[in-house]
Amino acid sequence: MSLLDLDTSAREELAAQVQAEYQQLKDRNLNLDLTRGKPSSEQLDICSGLLSLPGDDHTDATGADVRNYGNLKGIQDIRELWSDVIGIPVENIYAGDSSSLNIMFDLVSWSCLFGNNDSPRPWSQEETIKWICPVPGYDRHFSITEKLGFEMIQVPMLEDGPDVDAVAELAKDPAVKGMWVVPMFSNPTGYTVTEDVVRRLCEMETAAPDFRIVWDNAYAIHTLTDEFPPIIDVLSAAEKAGNPNRFWVMSSTSKITQAGSGVAFFASSSENLAWYADIAGIRGIGPNKVNQLAHAKFFGDAEGVRDVMRKHAESMGPKFAAVDEILQNRLGEYEVARWTKPTGGYFISLDVVDGTATRVWELAKDAGITLTKAGSSYPLGQDPNNRNIRLAPSLPPLEEVRTAMDGVATCVLLAALEKLG
């Protein structure tokens, strides 16, 4: 029965019950954290063998000593392996250091400073720079364009990808220079962009000749099951559509091996890579190739990567299932929340009663449960409906996830009852 269908006496009775439950929750003096999508210690242990590699042999497939300077592209061993993983030709892939976020910042900031290879002028010389932000989305993406002073325009992130009609309309403005997208198991909804939306993004006309889509495929193989969805080669699709330079594709091993010391990858057209290399070669002499060789030896091949991800799924899957089970049992009958049920990625997107997300966050915080701040999945932290909260169940042990989510459900229900008076 919907909360709205309860008569006054029934609602008052429920409110008293929930308030009592909330007081009991506070009395437990919990200290639980569901804020960021960090791998658990159990997950990090999966790849502990990586730390003893590459061993005594420091030569890559070409015979080069990886301990020395050079090779901006990254070693052939890891590039070929990753090409097999994500289905993009090896000649279109650079392997870098640990953070794809660093590369994204470089690409966008260098376009401001120098202009990219299709720019008539540096973006900083434009009167206004606008950027499309699918929401709910990844807060660290939004932080980059916020830091650089872009005007960020929200479009809905639908189950099949960004609202492509809205995107195509916005791209008619020459001030719109690009868009963020997490295409598979997206942050925080877990949605995956379909082939039809990919095709339309590749084919759409843009007023800005240097329009770029940052295609952050951070969760391309982060399944919660034993199935790996096909990965769309957006570079080939864009080239076929006549817009070969449209995509900057990102991926990394950061949540596969060790989060702080993985390998990041940048894939794009040959023209885009040449532009990137011209600047990156000034910024530095080369990436950490010892780490790249260690990863190549640890994985062995693409199937070795998938074997590791199956182990991650064994750890993560029960936690995601627990979140869904508890939300359904505690909130389903009252119709005060909706949440995504992803089959991969690191997050669950929770929508509560409009106008109550901040209150849910406050109630949880006061009860010792730290959630990502309400609105964090929106540019500037501004959720116009004040309804969205990102849940990240990966880090805590399963029993702590259960305890935290039962508490969160109490907070959602209490905030909804307060809203209804």
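Two strands pair if DSSP finds at least two bridges between them. With that in hand, here are some questions on this predicted model.

Q: What makes β11 and β13 paired strands?
A: The cut-off is at least two bridges, and strand β11 (residues 348-352) and β13 have four, running in the antiparallel sense. They therefore count as a pair. Within β13, Arg390 is the residue that stands opposite Ser349.

Q: Why are β10 and β13 called edge strands?
A: The open sheet has three strands in the order β10-β11-β13, with antiparallel pairing. β10 (337-339) and β13 (388-391) each have a single partner strand, so one side of each lacks a neighbour in the sheet. From one strand to the next, the twist averages 25°.

Q: Why are helices α4 and α5 described as roughly parallel?
A: The axes of α4 (residues 100-114) and α5 (residues 139-147) cross at roughly 30° and come within 10 Å. Angles under 35 degrees count as roughly parallel, so α4 and α5 fit that term. The crossing of α4 past α5 is right-handed.

Q: Which residues make the contact between α4 and α5?
A: Helix α4 brings Leu101, Met104, Phe105 and Val108, while α5 brings Arg140, His141 and Ile144.

Q: How do you know which kinds of residue make up the contact of α4 with α5?
A: Leu, Met, Phe, Val and Ile count as nonpolar, Arg as charged, and His falls among the others, as polar. The residues of this contact therefore divide into five nonpolar, one polar and one charged.

Notes:
Residues numbered from 1 in each chain as written. Predicted model: local features only at pLDDT ≥ 70, side-chain atom pairs only at ≥ 80, totals over all residues. Heavy atoms only, no water. Helix = DSSP H or I, 4+ residues; strand = E, 2+ residues; numbered from the N terminus. Axes fitted to C-alpha atoms, helices over the stretch in contact; angles between N-to-C directions. Parallel < 35°, antiparallel > 145°, perpendicular 65-115°, else oblique. Left-handed = near helix turned anticlockwise from the far one by under 90°. Contact = heavy atoms within 4.5 Å.
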